[in-house]
Number of protein chains: 2
Amino acid sequence: MTSKEQTSEGHQDFTLGVDVGGTKIAAGLVDAKGTILYQTRVPMPAREDAAAGFAALQAAIRAVFAAHPQSRDTLAGIGICAPGPLDPIRGIVLNPPNLPCWHNFPLASEVQRAFHVCAKVDNDANAAALAEAIWGAGVGFRNVFYATLGTGIGAGIIFDGRIYHGRTGSAAEGGHVSIDYNGPRCGCGKRGCIEALCSGPAIAQRARARLAESGMPSRLRELARTNLENLTTQDVAEAFHAGDALAKEVLEATVDLLTVWLGNMIDLLEPDVIIFGGGIAQVMSDFFPRIQRELPRWCINARCCEIPMLLAKYGPDTGIAGAAALCRQQQSSSAPSTVRTL
Amino acid sequence: MTSKEQTSEGHQDFTLGVDVGGTKIAAGLVDAKGTILYQTRVPMPAREDAAAGFAALQAAIRAVFAAHPQSRDTLAGIGICAPGPLDPIRGIVLNPPNLPCWHNFPLASEVQRAFHVCAKVDNDANAAALAEAIWGAGVGFRNVFYATLGTGIGAGIIFDGRIYHGRTGSAAEGGHVSIDYNGPRCGCGKRGCIEALCSGPAIAQRARARLAESGMPSRLRELARTNLENLTTQDVAEAFHAGDALAKEVLEATVDLLTVWLGNMIDLLEPDVIIFGGGIAQVMSDFFPRIQRELPRWCINARCCEIPMLLAKYGPDTGIAGAAALCRQQQSSSAPSTVRTL
């Protein structure tokens, strides 16, 4: 069978995924199994006007087509993930602090108009969750809860192969679920959000506080050199892997708070799997046995704690894979958009 | 058209709803619009053996058929709500403390075998949520979050006309989401569950503590007579309606904690509507304007706070209506039970 025949039969072998950030755009070609075949990067002029930002996006997409001209004929669509807030239901970028060029910008329809293919827009965590559900660690599980642990904490909820969006498309803000209403103020304004307690910066801050208050010897003192403010989460992870007791204490305290939050997520959502991605997921995975041991204290039913916890398959490329996955989402169920009386 | 022809065309005009409790069983006949046409009650011998418990259930069901013999020909099914823990997916009552007679009892299949109709089993909060979604305050909304506020706090989540059950059927344990991991111990063992902070007993306890520590005059002192331990949530509600300042303070403190929890629910689930049922929902509804005012402090997006909050339509009969609704659930979507790679 020739490639032309495949096209006429409607095979959609590729999706194009675009990960838009505040300083650069990464675009890649992804096959039907989720493998990234090619990727490229261009600068994002996020502080210029809407047209300049869109021109950069078009350039990134065109660079992918130029490298793989045949992909255009069998393209399922172009998926784009971008910083929020955005409206994934209508494909509109609202007013992201990191993308001032796009204010109420109808990104999905503009891409659709420019390239004559289906285009989908969603936020990073939702997109990454979908990629994991359909191509990654979540394959074979019906309901997937994805948590991205890094500079921030994000979440994505996949039910039956589709992103759960909620009323205005803002659901799954798992990082801003509070487990301590008297706790530290989060960047979002709430108190005690898990992001305020367990993100990368929160871990570094916890380490600085422990170093300042404790006389314990610690490799972290060397890593911080003279100024504790220099200390990063990576330093904490490095010290932990080198056997540092204070770094271990700091990570255990963090993991114990994460366990409270996971208990809440399980009691409410009881997903079939929990997947961890993001920059600090790897070091957290060393503590999965501790989480599993402590979870029964924070879940109301013991049988609910036996939930698989896995590391994400995609690493730094999760943006491209996630964006591409947006065009592979299960179609909407046959359920009506509103429930009527029977 | 005769009633017989209707039957042969498959019209299912009635469902039978059975609400099983620790001391009594209420059974009723419910039409296709959710109106309870008839109801009856029998004692539940919960401390006898499984057969005695099941005989009481059968007697309740037969009493309904005896009062409305024609209902049997056009019955969509028998729905039963019972105290948890239970497995709604397999229709099995596991080991409820209030129903020692039924331990791993296959209630759905036993009812199905005895009456030759479809039978469904679920917990009270899920069933009540479904009744509200398809017949009550939630009609016309796609995703419904139902909270029952009373001696305990329960929740039910309805997506697209169906109860969301999660992996083992234990999802939607919203009452045991913790908003204060250092907070008071809940009956479930966790700390800071919203049930430990805002249930009826928690409100009475808050009132007793305020009375003990404050010199404020309060009608509550008369209502409690000489012993503060006598004070109930109903007393607090009565005093509040009579203009008592201390009772108002106690309810405001409760509502402010409920608002933190609602913010978490909205950030995570963003339902289309939130419905409040249960014994103390009515007095809480006086504070809906306060909740709406404070919610933006506990939701990360202002646009997410404009969510409708409504009182449940069903009151004390919610158990019968909820049980009956179990047989009116939307069929499963066309999505596969596991997600496969594309």
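Student: In this predicted model, which residues does Thr148(A) touch, leaving out those up to four places away in sequence?

Tutor: Good place to start! Thr148(A) has its place in strand β8 of chain A. Leaving out residues up to four places away in sequence, the residues Thr148(A) touches are Ala125(A), Ile153(A), Gly154(A), Ala155(A), Gly277(A) and Gly278(A).

Student: How many Å separate the C-alpha atoms of Thr148(A) and Ile134(A)?

Tutor: Along the chain, these two residues are 14 residues apart. In space, their C-alpha atoms are separated by 17 Å.

Student: Which strands stand at the edges of the open sheet that has β8 in chain A?

Tutor: Let's walk across the sheet: its five strands come in the order β10-β9-β8-β11-β12, with mixed pairing. Two of these strands have a single partner strand each, so one side of each is left without a neighbour in the sheet. Those edge strands of chain A are β10 (162-163) and β12 (309-311).

Student: Which residue in β12(A) stands opposite Ile274(A)?

Tutor: Strands of a sheet pair through backbone hydrogen bonds, either parallel or antiparallel. Here β11 (residues 273-277) of chain A and β12(A) run parallel and are joined by three bridges. Opposite Ile274(A), in β12(A), stands Met309(A).

Student: At about what angle does α9(A) run to β8(A)?

Tutor: Helix α9(A) lies across β8 (143-149), β9 (153-159), β11 and β12 of chain A. Its direction relative to β8(A) is at about 160 degrees.

Student: Which residues of helix α8 of chain A are buried?

Tutor: Look first at the surroundings: what covers the buried residues of α8(A) includes α6 (200-213), α7 (219-223), α9 (245-269) and α10 (281-285) of chain A. Just after the helix, Gly243(A) takes a positive phi of about 90 degrees. Within α8 (residues 233-241), the buried ones are Thr233(A), Asp235(A), Val236(A), Ala237(A), Ala239(A) and Phe240(A).

Student: How far away from Asp272(B) is the nearest side chain of opposite charge?

Tutor: Asp272(B) lies in the loop between α9 (245-269) and β11 (273-277) of chain B. Its contacts include Arg167(A), Phe141(B) and Pro308(B). A salt bridge needs a side-chain nitrogen of Lys or Arg within 4 Å of a carboxyl oxygen, and buried Asp272(B) has none. The nearest side chain of opposite charge, Arg167(A), is at 5.2 Å.

Student: Which residue of β7(B) stands opposite Ile80(B)?

Tutor: Strand β7 (residues 119-123) of chain B is mostly covered, with four of its five residues buried. Five bridges join β7(B) to β4 (residues 75-82) of chain B, and the two run parallel. Facing Ile80(B) in β7(B) is Val121(B).

Conventions. Residues are numbered from 1 along each chain as its sequence is written. Chains are lettered from A and ligands numbered from 1 in the order in which they are written. This is a predicted model: local features need pLDDT of at least 70, side-chain atom pairs count only at pLDDT 80 or more; totals for chains, interfaces and linings use all residues. Side-chain values use heavy atoms; hydrogens and water are left out. Buried means under 20% relative accessible area, exposed over 50%, partly exposed in between (1.4 Å probe, protein chains only). Contact means heavy atoms within 4.5 Å. Two strands pair if DSSP finds at least two bridges between them. Axes are lines fitted to C-alpha atoms, for helices over the stretch in contact, and angles run from 0 to 180 degrees between N-to-C directions. Lys and Arg count as positive and Asp and Glu as negative; His and the chain ends are not counted.
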